[in-house]
Structures are given as structure tokens and as C-alpha cells.
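Welcome, and please get your viewer ready. We will take a short tour, one selection at a time.

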Amino acid sequence: MFTGRTIVHCRACGTKVNYVVPADDNRPRAVCPHCATIHYENPLNVVGTVPVWQDQVLLCKRAIEPRYGLWTLPAGFMELGETLAEGALRETDEEAGAHVELEGLFTVLNVVRVGQVHFFYRARMTDTHLNPGSETLEARLFREDEIPWDELAFRTVRETLIRYFADRKAGQFSIHCADIA
Ligand code: ZN
């Protein structure tokens with residue numbers, strides 16, 4: 001289980017922290033022995049889209065680690081000051097330069113192992129203009145039979161694509177919640 005424990009120094013005073021269970025708490029936290037600040041670590045949200053043009057899905061080839069050179073849906077860490085939808089649109093613009101309209105939340109995937117929750121929206125591309133950003137080597141459209149299943153960067157991308165094509169075949173899209181082991 002992912003327990004955090006990634007904090008080394010106090011963010012308030014710089015002293016090396018200790019992981020101890022504070023009074024009235026039930027799990028170890030990063031506690032500063034100098035100023036007593038308790039640093040809480042909580043899951044991070046990753047937001048992205050499944051951009052679709054006709055019968056094709058847009059994937060981006062990563063230009064950064066981890067998973068350099070593998071294919072992903074446009075997605076990234078949510079920023080403070082934005083909603084899930086705003087984050088999904090921002091990441092789609094930053095990584096692919098694609099013009100899309102969101103069509104609804106599609107997958108909510110718990111990745112407890114790394115302390116993350118991934119959210120993907122279905123998105124309709126309004127044109128085929130692409131302008132990949134610095135985190136992307138290449139962005140291109142794939143038909144279902146062209147998807148590079150063995151070269152996908154993340155399990156959540158794979159799980160989202162599997163559900164997308166299954167729902168499309170069934171003629172109805174719903175919201176899927178799942179846990180990624
Ligand atoms: Zn401190």
C-alpha cells in the first residue's frame with residue numbers, strides 16, 4: 001500500500017521531519033520536531049480526456065519520463081484553482097494542442113498503489129488540428145484496430161480505452177469506476 005512518506009524536511013522551517021502518529025490521529029504523519037507542524041499527504045488527482053474524431057481516438061507519444069516513448073491519452077496532474085473539467089481541457093491543449101468539447105465524465109480509476117485517482121472525460125474533437133507540446137513527441141489518431149496496446153504508458157489509459165471501445169460497440173456510454181490493482 002502507498003503510504004506517502006515522501007516528505008523529508010519541514011515546509012515551514014526546514015527541519016528534518018519524523019513520521020509519527022500524532023495525538024488523536026490513526027496513522028503516521030510527517031511531524032516537525034522543531035515547530036510541530038504536521039504535514040498531511042493525500043492522493044493526487046490526474047485528469048485527462050479521450051479525444052475522438054469520427055471513429056478514431058487521439059493518443060500522444062510521451063516525450064518525458066516516466067514511460068518515455070510510450071503512448072498515452074492526454075492527461076496530467078490537476079492544478080489548484082481549476083475544476084476537473086478545466087484540468088482535462090488544459091491537459092488536452094498542453095499535450096496535444098487539440099480542439100475538443102467535453103462530452104461527460106467517463107472513467108474514475110483509483111490507483112491506490114501510487115496514491116492517485118485518475119479521471120478521464122470523453123471529448124469530441126472539433127477539427128483535426130494538432131499542436132503537440134513539449135511533453136509530447138507525436139500526437140496522432142488511431143482506429144480501434146490500430147491502438148498500440150503493447151505500447152501504452154499507463155494501466156489507467158488501457159482500462160479507459162478498453163471501456164471506451166466496449167461502450168461504443170454497445171451504443172451507450174456510462175461512467176465507469178474501478179480500482180487499478
Ligand atoms: Zn518545522
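**Stop 1: an enclosed space**

A word before we start: this is a predicted model. Begin inside the protein, where the count comes to one cavity of 30 Å³ or more. Rolling a probe the size of a water molecule over the atoms shows where empty space is left. The volume of the largest cavity is about 40 Å³.

Which residues line the largest cavity? Select Cys60, Arg62, Ile64, Thr72, Glu95, Glu135 and Thr136, and you have its lining on screen. Try coloring them by class: the lining has three charged residues, along with two polar and two nonpolar ones.

**Stop 2: the zinc site**

Next, select the zinc ion together with Cys10, Cys13, Cys32 and Cys35. The SG atom of each of these cysteines coordinates the zinc ion, at 2.3 to 2.4 Å. What is the arrangement of the four donor atoms around the zinc ion? The angles they subtend run from 100 to 121°, so the arrangement is tetrahedral. For reference, ideal angles at a metal are 109.5 degrees for four tetrahedral donors.

Now follow the donors along the chain, where their spacing reads C-x2-C-x18-C-x2-C. Cysteine 10 and cysteine 35 link distant parts of the chain, 25 residues apart. Look for cysteine 10 in the segment before strand S1 (18–20), and for cysteine 35 in the loop between strand S2 (29–31) and strand S3 (38–39).

Turn on a surface to see how far these donors are covered. Is cysteine 10 buried or exposed? Its relative accessible area is 5%, so cysteine 10 counts as buried. Cysteine 32 is buried too, at 3% relative accessibility. Cysteine 35, at 32%, counts as partly exposed.

While the cysteines are displayed, how many disulfides does a search of the whole structure find? The search finds zero. A disulfide is a covalent bond between the sulfur atoms of two cysteines.

**Stop 3: the overall fold**

Zoom out and switch to a cartoon view. The protein has eleven strands and two helices. Trace the chain from its start and you will pass through the pattern β-β-β-β-β-β-β-α-β-β-β-α-β. Measured out along the principal axes, the C-alpha trace spans about 60 × 35 × 30 Å. Of the 181 residues in the protein, 43% are buried.

**Stop 4: unusual backbone spots**

Most residues other than glycine have a negative phi, and most peptide bonds are trans. With that in mind, here are some places to inspect.

Select glutamate 65 and proline 66. A cis peptide bond joins them, with omega about -5°. Proline 66 sits in the loop between strand S5 (56–62) and strand S6 (71–72).

Then move to aspartate 24, in the loop between S1 and S2. Aspartate 24 is not a glycine, yet its phi is positive, at about 65°. On the surface view, aspartate 24 counts as exposed, with 86% relative accessibility.

Glutamine 54 is another one to click on. You will find glutamine 54 in the loop between strand S4 (44–53) and S5. Its phi is positive at about 55°, although glutamine 54 is not a glycine. Glutamine 54 is exposed as well, at 61% relative accessibility.

**Stop 5: distances across the protein**

For the last stop, use the distance tool on some C-alpha pairs.

Start with histidine 176, in strand S11 (residues 176–179). This histidine is buried, with a relative accessible area of 16%. Draw a line from histidine 176 to phenylalanine 120: they are 56 residues apart along the chain, and their C-alpha atoms are separated by 9.8 Å.

Now pick leucine 102, in strand S8 (residues 100–111). Leucine 102 is partly exposed, at 26% relative accessibility. From leucine 102 to tyrosine 40 the C-alpha separation is 33 Å, and their positions lie 62 residues apart in the numbering.

Finish with arginine 67, in the loop between S5 and S6. Arginine 67 counts as partly exposed, at 39% relative accessibility. How far apart are arginine 67 and serine 174 in space? They are 29 Å apart, C-alpha to C-alpha, and 107 residues apart in sequence.

Terms used:
Residues are numbered from 1 along each chain as its sequence is written. This is a predicted model: local features need pLDDT of at least 70, side-chain atom pairs count only at pLDDT 80 or more; totals for chains, interfaces and linings use all residues. Side-chain values use heavy atoms; hydrogens and water are left out. On a 1 Å grid over the protein atoms alone, a cavity is a set of points where a 1.4 Å probe fits but cannot get out, and a pocket is an open set with protein on both sides within 12 Å along at least five of seven lines; lining residues have an atom within 4 Å of a point. Grid points are joined across faces, edges and corners, and a volume is the space filled by probe spheres set on the points. Ala, Val, Leu, Ile, Met, Phe, Trp, Tyr, Cys and Pro count as nonpolar, Asp, Glu, Lys and Arg as charged, and the others, Gly among them, as polar. Donors are N, O and S atoms within 2.8 Å of the metal (3.2 Å for Na, K and Ca); water is not among the atoms, so sites may look incomplete. Four donors count as tetrahedral if all angles lie between 85 and 135 degrees; four count as square planar and six as octahedral if opposite donors are over 155 degrees apart and all others between 65 and 115; anything else is irregular. Helices (H or I, at least four residues) and strands (E, at least two) are DSSP runs, numbered from the N terminus. Buried means under 20% relative accessible area, exposed over 50%, partly exposed in between (1.4 Å probe, protein chains only). A disulfide is a pair of cysteine sulfur atoms within 2.5 Å.
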